[in-house]
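Q: I'm new to this one and would like to look closely at a single part before taking in the rest. Could you walk me through it in a friendly way?

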Amino acid sequence: MKFVVLRIGHRPMRDKRITTHVGLTARALGADGMLLAADDPKIKESIDDVTSAWGGDFFVEIGVDWRDAIRRWKGDGGMVVHLTMYGLNLPDATGEVAGRDLMIIVGAEKVPPGVYDLADLNIAVGNQPHSEVAALALFLDHLQDGEELRGTFAGAKREIVPKRNGKRVIS
Ligand code: SAM
């Protein structure tokens, strides 16, 4: 299974931190990459820096045309899910996405109406408003039954040795 996150509606002045967190969360929880439908090189730089220090091959692509990206993903046989509080609630939708290569769309303040139609499935992580970071994290965790938390990241320059107390990082 492949997971790619498509981040739409990013406003460079306001969303830098939260879009970076979308990318870091996607990476940490087992996604393959993030497509950003905005031209913001700083976001790519900071996520690439984390990947180069902490390993793995998470990719970030900026300046993506979201309609094209969705069409291409579907053309390659992938499924497109849009995380929105208005969608089918996650516990009722997991069966439909299991085992599929997924493009996971998350919005910012306002999501263009076309996204709801282009997505194969609109999924709510609970039908209450919250956050794209929380929605993405819970979605990825449910899909992988928590196993992503045991993931390893090849080529890491730094690795944390889990400890009850204190911090240990090996280089
Ligand atoms: N008000 C906006 C709208 O109606 O499109 C959503 C704003 S919300 C802060 C930003 C993003 O968080 C949404 O586009 C969606 O991807 C995600 N999100 C927020 N709550 C969600 C929920 N309950 N389930 C799934 N995704 C959610």
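Where does Gln144 lie?

A: Happy to help. This is a predicted model, so local features are given only where pLDDT is at least 70 and side-chain atom pairs only at pLDDT 80 or more, while totals for chains, interfaces and linings use all residues. Residues are numbered from 1 along each chain as its sequence is written, and side-chain values use heavy atoms, with hydrogens and water left out.

Gln144 sits in the loop between α6 and β7 (159–160). These names come from DSSP runs, numbered from the N terminus: helices are H or I runs of at least four residues, and strands are E runs of at least two. With 18% relative accessibility, Gln144 counts as buried; the cut-offs are under 20% relative accessible area for buried, over 50% for exposed, and partly exposed in between, using a 1.4 Å probe and protein chains only. Setting aside neighbours within four places in sequence, Gln144 is in contact with Phe3, Leu29 and Gly30, where contact means heavy atoms within 4.5 Å. One of these partners is also reached through a polar pair: the side chain of Gln144 comes to 2.9 Å from the backbone oxygen of Leu29. A polar contact is a pair of N or O atoms within 3.5 Å; within protein, one must be able to donate a hydrogen and the other to accept it, and residues adjacent in sequence count only if both atoms are side-chain atoms.

From this loop we can step back into α6. Glu132, in helix α6 (residues 132–143), and Arg7, in strand β1 (residues 3–7), are 125 residues apart, so this pair links distant parts of the chain. Their side chains meet in a salt bridge with an N to O distance of 2.9 Å, the term standing for a side-chain nitrogen of Lys or Arg within 4 Å of a carboxyl oxygen of Asp or Glu. Both Glu132 and Arg7 are buried. Arg7 is also among the residues that Thr19 touches, the others being His10, Met34, Leu36 and Ile43, not counting residues up to four places away in sequence. Thr19 belongs to helix α1 and is buried, at 0% relative accessible area.

The whole structure holds seven salt bridges. Asp15 pairs with Arg11, their closest N and O atoms 2.8 Å apart, and Glu109 pairs with Arg14 at 3.8 Å. The second of these pairs spans 95 residues, from Arg14 in the loop between β1 and α1 (16–28) to Glu109 in the loop between β5 (102–106) and α5 (113–118). Glu109 is exposed, with a relative accessible area of 59%, and Arg14 is exposed at 59% relative accessibility. Through shared partners, Arg11, Arg14, Asp15 and Glu109 are joined by salt bridges into one network.

Helix α6 matters to the next part of the picture too. The largest nonpolar core has 31 residues, and Val81, Leu102, Ile104, Ile123 and Phe139 have the most contacts inside it. Such a core is a set of buried Ala, Val, Leu, Ile, Met, Phe, Trp, Tyr and Cys residues joined through side-chain atoms within 4.5 Å. At least two of its residues come from each of several elements, including β1, α1, β5 and α6, and α6 gives the largest share, six residues. Another core, of 14 residues, lies apart from it, with Ile8, Trp73, Val115 and Ala119 among its members.

Last comes the ligand, surrounded by 19 residues, of which Leu83, Glu109, Val125, Gly126 and Gln128 are the closest; a residue is near when one of its heavy atoms lies within 4 Å. Backbone N or O atoms lie 2.9 Å from a ligand nitrogen in the case of Val125, 2.6 Å in the case of Gln128 and 3.1 Å in the case of His130. On its own the ligand exposes 570 Å², and the protein buries 80% of that; accessible areas come from the Shrake-Rupley method with a 1.4 Å probe, and for residues only the protein chains shown count as cover.
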